[in-house]
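Biologist: I would like to learn how to read packing and charge pairing in a model such as this one. Could we go through it feature by feature, with the general idea before each case?

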Amino acid sequence: MDGVLVDSEQLWDAARREVAEETGGRWHAEATEAMMGMSSLEWSRYMHEVIGVPLPPEEISGAVVERLLGLYEKRLPLIPGAREAVGRLVECWPLGLASSSNRPVIDRVLMLSGLDRHFRVTVSSEEVRRGKPAPDVYLEAARRLGADPNRCAAVEDSTNGILAAKNAGMRVISIPNREFPPKEEALRAADAVVGSLEKLTPQVVCGE
């Protein structure tokens, strides 16, 4: 969802920075990339243990999510072509969403965008044991869809997302995040790389 359907990484970054700075944490240059793909349990623990936010992880997560949802209510930064791309793909296959976002964020984004009716299942990394790059969230999405992971395709924008889907045995189509581009080794692991959602077609998903 984040970075594929919603241009949200900068907003997550800003919300986490604000919470860190207001509570006396010590933000560092590697923090943004380190937390991309982590589940809410993992990144809130990272902010507590590494950045030094003096709040329990569950309070950190709640504070960040509250700020993010407030920004989304004002303006949802849907990526151009998101609705059209989802519409093209849902005509061919049942769709699942495997996201590192918290459950309330997933539900609010899909509701505000009107995309909720297109996804048969949605899974948050906080509902599985490990966040990306572990394959858990993708394997759970496939399980809920009743699908063999080896017959699934995933669309991802980040290093950890690409590796998570690949580790799950799925075909991976990467649409690289422009602000936080995936590492070269992750791009090499992807089965296809396209420049935008406009180019995400059923033919690309199938490898035609």
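Modeller: Let us start from one residue, keeping in mind that this is a predicted model. Glu 140 lies in helix H7, and with a relative accessibility of 15% it counts as buried, because the cut-off for that class is under 20%.

Biologist: Which residues does Glu 140 contact, once its neighbours within four places in sequence are left aside?

Modeller: With those neighbours set aside, Glu 140 is in contact with Val 123 and Val 128. For a sense of scale, Arg 45 is 95 residues from Glu 140 in sequence, and their C-alpha atoms are 23 Å apart in space.

Biologist: Which residues of H7 are buried, and what do they pack against?

Modeller: Helix H7 spans residues 136–145, and its buried residues are Asp 136, Val 137, Tyr 138, Glu 140, Ala 141 and Ala 142. The buried residues of H7 pack against three strands, S1 (95–99), S2 (119–124) and S3 (153–156), and also against helix H8 (159–167). After H7 comes Gly 146, which has a positive phi, near 70°.

Biologist: How should I read a charged side chain within a helix?

Modeller: The general idea has two parts. Side chains of opposite charge can pair when their charged atoms come close. An α-helix has 3.6 residues a turn, so residues three or four places apart point the same way. In this structure, Arg 143 and Glu 140 both belong to helix H7 and are three residues apart, about one turn of the helix, and their side chains meet in a salt bridge with an N to O distance of 2.7 Å. The partners differ in class, because Arg 143, at a relative accessible area of 56%, is exposed, whereas Glu 140, at 15%, counts as buried.

Biologist: Which residues are linked with Glu 140 and Arg 143 in a network of salt bridges?

Modeller: The network links Glu 140 and Arg 143 with Arg 103, Asp 107, Glu 127 and Arg 144. Another pair involves H7 through its buried residue Asp 136: Arg 130 forms a salt bridge with Asp 136, and the closest N and O atoms are 2.9 Å apart. Here Arg 130 is partly exposed at 35%, while Asp 136 has a relative accessibility of 11% and counts as buried.

Biologist: How many salt bridges are found in the whole structure, and which residue pairs with Arg 67?

Modeller: A search of the whole structure finds 13 salt bridges. Arg 67 forms one with Glu 18, the closest N and O atoms being 2.8 Å apart. This pair links distant parts of the chain, since Arg 67 is in helix H4 and Glu 18 in helix H1, 49 residues apart. Both are partly exposed, Arg 67 at 29% and Glu 18 at 35%.

Biologist: How do I read the packing of two helices, and at what angle do H4 and H6 pack?

Modeller: One takes the angle between the axes, then the distance, and then the residues in contact. Helix H4 (residues 57–74) and helix H6 (residues 103–113) pack at about 5°, their axes being 11 Å apart, and H4 and H6 are therefore roughly parallel to each other. H4 contributes Val 65, Leu 68, Leu 69, Tyr 72 and Glu 73 to the contact, and H6 contributes Pro 104, Val 105, Arg 108, Val 109 and Leu 112. By class, this contact of H4 with H6 has eight nonpolar residues, two charged ones and no polar ones.

Biologist: Is H3 roughly parallel or roughly perpendicular to H4?

Modeller: H3 and H4 pack at about 105°, with their axes 8 Å apart, and that makes H3 roughly perpendicular to H4. The contact is made by Ser 40, Trp 43, Ser 44, Arg 45, Met 47 and His 48 of H3, together with Pro 57, Ile 60, Ser 61 and Val 64 of H4. The residues of this contact divide into five nonpolar, four polar and one charged.

Biologist: Which members of the largest nonpolar core touch the most other members?

Modeller: Of its 46 residues, Leu 5, Met 35, Met 47, Ile 51, Tyr 72 and Val 105 do so. The largest share of this core, six residues, comes from H4. A second, separate core of 18 residues includes Val 123, Val 137, Ala 141 and Leu 187.

Technical notes:
Residues numbered from 1 in each chain as written. Predicted model: local features only at pLDDT ≥ 70, side-chain atom pairs only at ≥ 80, totals over all residues. Heavy atoms only, no water. Buried < 20%, exposed > 50% of the residue type's maximum accessible area, 1.4 Å probe, protein only. Helix = DSSP H or I, 4+ residues; strand = E, 2+ residues; numbered from the N terminus. Contact = heavy atoms within 4.5 Å. Axes fitted to C-alpha atoms, helices over the stretch in contact; angles between N-to-C directions. Parallel < 35°, antiparallel > 145°, perpendicular 65-115°, else oblique. Nonpolar A, V, L, I, M, F, W, Y, C, P; charged D, E, K, R; others polar. Core = buried A, V, L, I, M, F, W, Y, C linked by side-chain atoms within 4.5 Å. Salt bridge = Lys/Arg side-chain N within 4 Å of Asp/Glu carboxyl O.
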